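Colleague: Got a minute to walk me through this one? I'd like to start with the ligands, then move to the strands.

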Amino acid sequence: MGDLYYFFWENFLSFRGGAETGAGFSGKLSSEKRGWRHIMEKGSVLITGASSGFGEACARWYAKRGYPLILAARRRDRLEALAEKLDTPVFLMCLDVRERIAVKEALECIPEGFSGVEILINNAGLALGLAPAAEADLDDWETMVDTNIKGLMYLTRGLLPGMVERRRGHIVNMGSVAGSWPYPGGNAYGATKAFVEQFSRNLRCDVLGKGIRITNIAPGMAETEFSLVRFKGQADKAAETYQGVEALSAEDIAEIVGWVTTLPQHVNINHLEVMPTQQAWGPFAVSRDV
Ligand code: NDP
Ligand code: 8X3
């Protein structure tokens, strides 16, 4: 294991709270080779949902290209394990995006070298269940709304003023094909992603002329922990989803996110929908059973 370049925001809080020794930091700060000077060279990238799937793949993509990273998710062990493998400075936020105050505090504690976030990837999200609306669990619906909609709003609202002030920034929101195309059991999940799509478009209107880019990425079937979460840990059901299909990979999505954010500054991809070649829409359904 090489040098560690990460530390946690809650430790940073306690450090700022008076522990002048710096003992609150987890790991070592950067060596001369990859020190604060290096951090300042490129704007930082904040990725939510970085502990698996798309978020983790995006972290690897940006790390390879030398971007300082701020990685957020709830699973601290996953974040730490990832940070140890990344050859770039990393600031970890062990964070539930549904917690409005925690999000605010975490953003306020981003250390100087990582502040001035240039790219925000609002990726944390989930689908829970596939039950028809009349049978769906209302708690699941609420969790999806709180995470996919409210969490995304908290991060956006927290970071946007700085971007406006700097007249620089790119927000990539992780939508879904489910935001545009309905399917049975997609009910609340699809509706949260429809919010993401329209919120992204409306954000564009509000930041017009301020040098800020907004993109909604709408992937179709991608093999990550997504289905394991949707089916609440039932691995066999999750595996069935991808059987016989070469689904999109997390790396495919990371390539796309990386591409849209490294296009010339005057180019804004508004909405990018992507599916595996083996996926398409179905015909309209008609009930003849009256
Ligand atoms: P994963 O389940 O692999 O990753 C989801 C990530 O979101 C995890 O890192 C998880 O971290 C994080 N997350 C979930 N809830 C919270 C929370 N409350 N606070 C902070 N982080 C949270 O799935 P994907 O990578 O596939 O999903 C990423 C995004 O892509 C989601 O928004 C999803 O809706 C969307 N998407 C996925 C598709 C797919 O087929 N896979 C297709 C289209 C869109 P932790 O549990 O550690 O908090
Ligand atoms: C994930 C893709 O088709 O399961 O957003 O809704 S789908």
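**Ligand shells and core strands**

Modeller: Sure. Helices α3, α6 (138-166) and α8 (226-230) each supply at least two residues of the shell around ligand 1. Keep in mind that this is a predicted model.

Colleague: Which helix gives the largest share of that shell?

Modeller: Helix α3, with three residues.

Colleague: And which residues come nearest to ligand 1?

Modeller: Gly-49, Gly-53, Arg-74, Arg-75 and Gly-125, out of 31 residues around ligand 1.

Colleague: How does the shell around ligand 1 divide into nonpolar, polar and charged?

Modeller: There are 13 nonpolar residues, twelve polar and six charged.

Colleague: What about ligand 2? Which residues are around it?

Modeller: Ser-176, Val-177, Ala-178, Gly-186, Gly-220 and Met-221. That shell has three nonpolar residues, three polar and no charged.

Colleague: OK, strands now. Which strands does β2 pair with?

Modeller: Strand β2 (residues 45-48) pairs with β3 (residues 69-73) in the parallel sense, over four bridges. With β5 (residues 119-122), β2 also pairs in the parallel sense, over three bridges.

Colleague: Which residues stand opposite each other?

Modeller: Thr-48 has Ala-72 in β3 as its bridge partner. Towards β5, Leu-46 stands opposite Leu-120, and Ile-47 stands opposite Ile-121.

Colleague: Are the residues of β2 buried or exposed?

Modeller: Buried, on both sides. Val-45 and Ile-47 point one way, Leu-46 and Thr-48 the other.

Colleague: And β5, which residues cover its faces?

Modeller: Ile-119 and Ile-121 sit on one side, Leu-120 and Asn-122 on the other, and all are buried.

Colleague: What does β5 pair with on from there?

Modeller: Strand β6 (residues 169-174), running parallel and joined to β5 by four bridges. Leu-120 has Ile-171 as its bridge partner in β6. The chain gets from β5 to β6 through α6, in a right-handed β-α-β crossover.

Colleague: What links β2 to β3?

Modeller: Helix α3 (residues 53-64), and the three make a right-handed β-α-β unit. Recall that α3 also supplies three residues of the ligand 1 shell.

Colleague: Changing topic: which residues of α5 are buried?

Modeller: In α5 (residues 100-108), Val-103, Ala-106 and Leu-107 are buried.

Colleague: Why do they line one face?

Modeller: Seen down the axis of α5, the buried residues fall within an arc of 95°, so they line one face of the helix. An α-helix has 3.6 residues a turn, so residues three or four places apart point the same way.

Colleague: And what is on the other side of α5?

Modeller: Ile-101 and Glu-108, both exposed.

Methods:
Residues are numbered from 1 along each chain as its sequence is written. Chains are lettered from A and ligands numbered from 1 in the order in which they are written. This is a predicted model: local features need pLDDT of at least 70, side-chain atom pairs count only at pLDDT 80 or more; totals for chains, interfaces and linings use all residues. A residue is buried if 20 or more other C-beta atoms lie within 10 Å of its own, exposed if 12 or fewer, and partly exposed in between; C-beta atoms are placed from the backbone. Two strands pair if DSSP finds at least two bridges between them. A crossover is right-handed if, with the strands pointing away from the viewer, the path from the first strand over the helix to the second runs clockwise. A residue is near a molecule or strand if its C-beta atom, placed from the backbone, lies within 6 Å of it. Ala, Val, Leu, Ile, Met, Phe, Trp, Tyr, Cys and Pro count as nonpolar, Asp, Glu, Lys and Arg as charged, and the others, Gly among them, as polar. The arc is that of the directions from the helix axis to the C-beta atoms.
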